Amino acid sequence: MELGSILQFLESKTILVTGATGFLAKIFVEKILRTQPKVGKIFLLLRAADTRSAKQRFHDEIISKELFRPLREKWGANLDAFILEKIALVPGDISYEDLGVRDSKMREEMWEQLDVIVNMAATTNFDERYDIALGINTLGAKNAVNFAKKCAKLKALLHVSTAYVCGEKEGLILEEPFTMGETLIGASQLDIDHEKELVEERLNELQAEGCTEELITSTMKDMGIQRSRMYGWPNTYVYTKAMGEMLLGHFKENVPLVIIRPTIITSTYEEPFPGWVEGVRTIDSVLIGYGKGKLNCLLGDPESIIDLIPADMVVNTMIVAMVAHASQPCEKIYHAGSSLRNPLKLFHLHELFFIYFRHNPWIDKHGNTIRVSKGRFLSTIAGFHRYMAICYLLPLKGLQLVNMVFCQYFKDIHMDLNQKITLVKRYVELYKPYLFFKAVFDDMQLEKLRRAATESNVEGDMFYFDPKCIDWEEYFMKTHVPGFIKHVMK
């Protein structure tokens with residue numbers, strides 16, 4: 001594999017980015033603009049009704065973010081003119097044909113000019129409504145590849161998926177594509193068109209029955225989980241992402257296709273500065289609970305590997321892979337993770353959170369210092385159920401009896417506690433596969449790409465993506481946790 005200059009490739013290129021307001025997409029756009037200001041144009045697909053709404057979203061959700069501070073410092077008063085020259089906002093929706101772009105002139109312009117399409121549009125909620133997840137994660141991928149086939153000079157379609165499309169497989173997970181209709185249980189054949197029809201039929205039934213939006217949402221969420229598990233996937237997110245990969249492979253024809261499968265994405269390691277993160281990501285919910293003294297125990301196998309990868313390393317992987325396979329009809333799969341080359345176990349992560357908050361305690365809104373205890377592991381689901389029964393279900397039963405004696409005086413308290421317990425159980429069921437995960441993601445193909453980048457000796461430091469360099473203790477103590485507190489908890 002030969003790899004030329006990445007900056008030279010990016011010069012004068014026209015790129016379409018879908019899912020442009022997403023965490024990873026913002027880092028991708030910032031990286032391109034900062035490292036190669038001679039890029040041709042970056043089209044950003046934004047879910048918006050019109051250009052005015054798209055401009056508002058771009059301002060509020062992208063360019064005003066702290067992430068773009070280095071770019072603002074570099075360009076100063078000239079930033080607006082630079083953005084106007086390099087960024088084109090596209091109102092649309094990936095769930096629809098032609099990406100929902102209604103402006104025919106803009107569609108034609110993109111079909112004529114685009115060199116690369118980077119599809120990052122996704123809903124990452126584990127229990128998203130099935131109709132929404134199917135529309136974005138599955139059919140959105142098909143719409144992206146069909147749009148790519150209409151582009152006169154397209155050199156690559158890069159699609160961001162997730163490593164966890166493997167479901168609950170154990171052992172070494174290879175960088176291999178899905179075949180159309182493949183399932184994780186072997187026997188059944190998955191028919192994506194049939195899944196779409198089932199969703200449409202169920203929605204029509206619910207609407208004909210005059211169901212509330214709340215009931216429709218609940219039913220669609222349950223349907224997603226039920227269909228996922230029928231074919232071997234643990235949740236709606238990874239199931240619909242897997243189907244999206246199938247459609248890409250099936251419909252791509254001669255389009256050069258690169259699929260990046262990141263593991264759990266964390267804050268930036270180095271660029272544009274360490275520790276930038278947005279929103280509460282997978283491990284950060286644990287971080288919040290621990291820091292605020294509300295997490296007395298942690299469910300999971302202490303020996304399970306928590307596969308983390310900083311966001312800027314994922315973006316560097318994307319850019320290098322995009323350049324390496326441009327204009328080469330192919331379907332390449334790359335795992336972007338750390339479990340094989342630099343594994344971090346759950347018990348170590350737990351230790352790091354404890355050490356951080358012991359030395360840097362959280363101060364609540366009343367000015368009180370929160371003291372954290374080390375807590376304990378619940379290393380089995382049975383242990384979790386025992387813990388819930390003793391600490392929560394028995395008190396709830398007692399409250400129910402008191403409530404009966406006092407004529408429903410404590411009804412609201414009982415209902416609130418019951419709802420919280422039900423929610424905890426649902427989340428445990430959703431996250432259980434990852435708390436007891438017993439697989440490692442092979443990155444042999446990505447290692448070949450790393451070697452090619454190293455041997456080419458071109459901009460290697462600028463697009464570095466080897467997780468072996470990460471000292472997890474230093475990263476969490478000095479980068480991720482302080483960054484999360486600064487940018488998210490504030």
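## Exercises: empty space and one glutamate

Searching the whole structure, a predicted model, turns up two cavities of 30 Å³ or more. Let's work through them, then move on to a pocket and a single residue.

**Exercise 1. Find the volume and the lining of the largest cavity, then sort the lining by class.**

Solution.
- Start with the volume: the largest cavity comes out at about 80 Å³.
- Next, list the lining. Tyr-269, Glu-270 and Glu-271 are there, along with Asp-312, Met-313, Asn-316, Asp-461 and Tyr-464.
- Now sort them: four are charged, three are nonpolar and one is polar.
- To put names on the classes, Glu-270, Glu-271, Asp-312 and Asp-461 count as charged, and Asn-316 is the polar one.

**Exercise 2. Do the same for the second largest cavity: what is its volume, and which residues line it?**

Solution.
- The space inside is about 40 Å³.
- Around the second largest cavity sit His-335, Gly-337, Ser-338, Ser-339, Leu-340, Arg-341, Phe-441 and Asp-443.
- By class, that lining splits into four polar, two nonpolar and two charged residues.
- The charged pair is Arg-341 and Asp-443, while Leu-340 and Phe-441 make up the nonpolar pair.

**Exercise 3. Which helix gives the most to the lining of the second largest pocket?**

Solution.
- First, the pocket itself: its volume is about 520 Å³.
- The lining holds 22 residues, and Ser-95, Tyr-96, Gly-135, Leu-139 and Lys-196 are the ones nearest the centre.
- Check the helices: H7 (130-149) and H8 each put in at least two lining residues.
- H7 wins, giving 10 residues to the lining.
- For the chemistry, count 10 charged, eight nonpolar and four polar residues in this pocket's lining.

**Exercise 4. Is Glu-182 buried, partly exposed or exposed, and what does Glu-182 touch?**

Solution.
- Locate the residue: Glu-182 sits in the loop between strand S6 (171-173) and helix H8 (192-208).
- Take the relative accessible area, which is 24% for Glu-182. Buried needs under 20% and exposed needs over 50%, so Glu-182 is partly exposed.
- Look for neighbours. Leaving out residues up to four places away in sequence, Glu-182 touches Pro-177, Leu-190, Trp-233 and Met-246.
- Add the polar side: the side chain of Glu-182 reaches the backbone nitrogen of Thr-179 at 2.9 Å.
- Finally, compare sequence with space: Glu-182 and Tyr-231 are 49 residues apart along the chain, yet their C-alpha atoms are 8.9 Å apart.

Conventions:
Residues are numbered from 1 along each chain as its sequence is written. This is a predicted model: local features need pLDDT of at least 70, side-chain atom pairs count only at pLDDT 80 or more; totals for chains, interfaces and linings use all residues. Side-chain values use heavy atoms; hydrogens and water are left out. On a 1 Å grid over the protein atoms alone, a cavity is a set of points where a 1.4 Å probe fits but cannot get out, and a pocket is an open set with protein on both sides within 12 Å along at least five of seven lines; lining residues have an atom within 4 Å of a point. Grid points are joined across faces, edges and corners, and a volume is the space filled by probe spheres set on the points. Helices (H or I, at least four residues) and strands (E, at least two) are DSSP runs, numbered from the N terminus. Buried means under 20% relative accessible area, exposed over 50%, partly exposed in between (1.4 Å probe, protein chains only). Contact means heavy atoms within 4.5 Å. A polar contact is a pair of N or O atoms within 3.5 Å; within protein, one must be able to donate a hydrogen and the other to accept it, and residues adjacent in sequence count only if both atoms are side-chain atoms.
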